[in-house]
Amino acid sequence: MKRARTALLAVPLALLVPTVAVASSNNQVEISATPQPVEVVPLPCFPSGKLTLGMTNTGRKPTVADMRITGDSSLTLSRHQFSSYLPVDQLVKAPLEITVPRGTAPATHNVDLSVGREHLSVPVTIKPVPARDNLLLGEQAVASSTNGDMKLCGGVDGNTDSAQWGASGWHDATKGVFPDTYGVDFVQPTTVSRIVVQTLDSAKYPAAVMGIRDFDVQVRTGSTWTTVGEFRDNVQGLLTVTFAPVAVDAVQLVIHDSNDHGYSRIIELEAYGN
Ligand SMILES: [Ca+2]
């Protein structure tokens with residue numbers, strides 16, 4: 001008996017060591033999430049639903065931790081797990097994006113975060129769609145391509161500040177190859193009479209150096225694209241096209257060249273009604 005017990009202990013202990021270490025450290029990982037509550041607007045490109053997850057190892061030794069992330073079925077979560085090596089007493093962060101389908105009714109749900117036996121419920125407030133003068137704000141962007149470092153939604157997220165280019169701009173993924181297109185497909189015909197184009201134009205990267213140079217502004221009714229503005233040899237950051245109000249299904253830029261002949265860079269595209 002004694003011999004059998006020893007043998008049993010000898011093997012499982014060696015196997016168990018890592019498991020035991022993780023299990024005990026779970027009690028020493030603090031979970032955090034900001035902001036609370038997190039607000040979500042039910043539009044595909046609206047800048048909302050961004051949560052920063054955190055884990056802090058309050059134990060005495062570095063460890064590895066796995067956070068499980070679950071939520072109400074009406075919420076789409078960009079990740080369901082956050083795993084990281086955790087040095088002692090250092091906050092390790094990861095982004096979580098929460099989206100809800102268009103038409104989702106205002107409500108408050110929870111996203112639940114757990115690491116071992118630690119648990120945190122984060123309230124998620126689904127807001128009504130706000131009144132918008134800019135008809136493109138938060139609507140579904142459509143592009144011929146999007147560079148991996150950029151976000152497709154960057155050109156319709158309401159941020160027109162070229163100084164925040166990395167976080168809020170769009171450019172294509174086909175360097176030196178034109179044309180590129182960027183625009184919005186409306187979910188229903190929408191009356192438009194003015195389109196505002198803003199290309200990259202910062203102190204460091206002026207439009208004359210990095211902005212779009214030759215481009216057409218188009219609107220679509222049914223399957224027909226109509227050009228409402230043509231720009232050639234442009235060196236300005238902000239350009240406006242006005243025309244007789246028309247109900248359209250889509251708006252787009254067709255970009256034929258940029259001032260560096262590389263990428264087509266947009267910080268924001270806006271459209272307005274009457
Ligand atoms: Ca933007």
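What share of the 274 residues of the protein count as buried? In this predicted model, 44% of them do, where buried means under 20% relative accessible area with a 1.4 Å probe, protein chains only. Residues are numbered from 1 along each chain as its sequence is written. Local features need pLDDT of at least 70, side-chain atom pairs count only at pLDDT 80 or more, and totals for chains, interfaces and linings use all residues, while side-chain values use heavy atoms and leave out hydrogens and water.

The protein has 3 helices and 16 strands, which are DSSP runs of H or I with at least four residues and of E with at least two. Its radius of gyration, taken over C-alpha atoms, is 25 Å, well over the 19 Å of the globule rule for 274 residues, so the protein is more spread out than a compact globule. That rule is 2.2 Å times the number of residues to the power 0.38.

An open sheet of 5 strands follows the order E2-E9-E8-E4-E6, with mixed pairing; strands pair if DSSP finds at least two bridges between them. The edge strands, each pairing on one side only, are tabulated below.

| Edge strand | Residues |
|---|---|
| strand E2 | residues 38-40 |
| strand E6 | residues 81-86 |

Strand E4 (residues 63-71) runs antiparallel to E6 and is joined to it by 6 bridges. Arg68 has Gln81 in E6 as its bridge partner.

A calcium ion has protein donors (N, O and S atoms within 3.2 Å for Ca), among them Gly154 (O), Asp157 (OD) and Glu268 (OE). Gly154 counts as buried, at 2% relative accessibility.

Definitions and conventions: Donors = N, O, S within 2.8 Å, 3.2 Å for Na, K, Ca; no water. Buried < 20%, exposed > 50% of the residue type's maximum accessible area, 1.4 Å probe, protein only.
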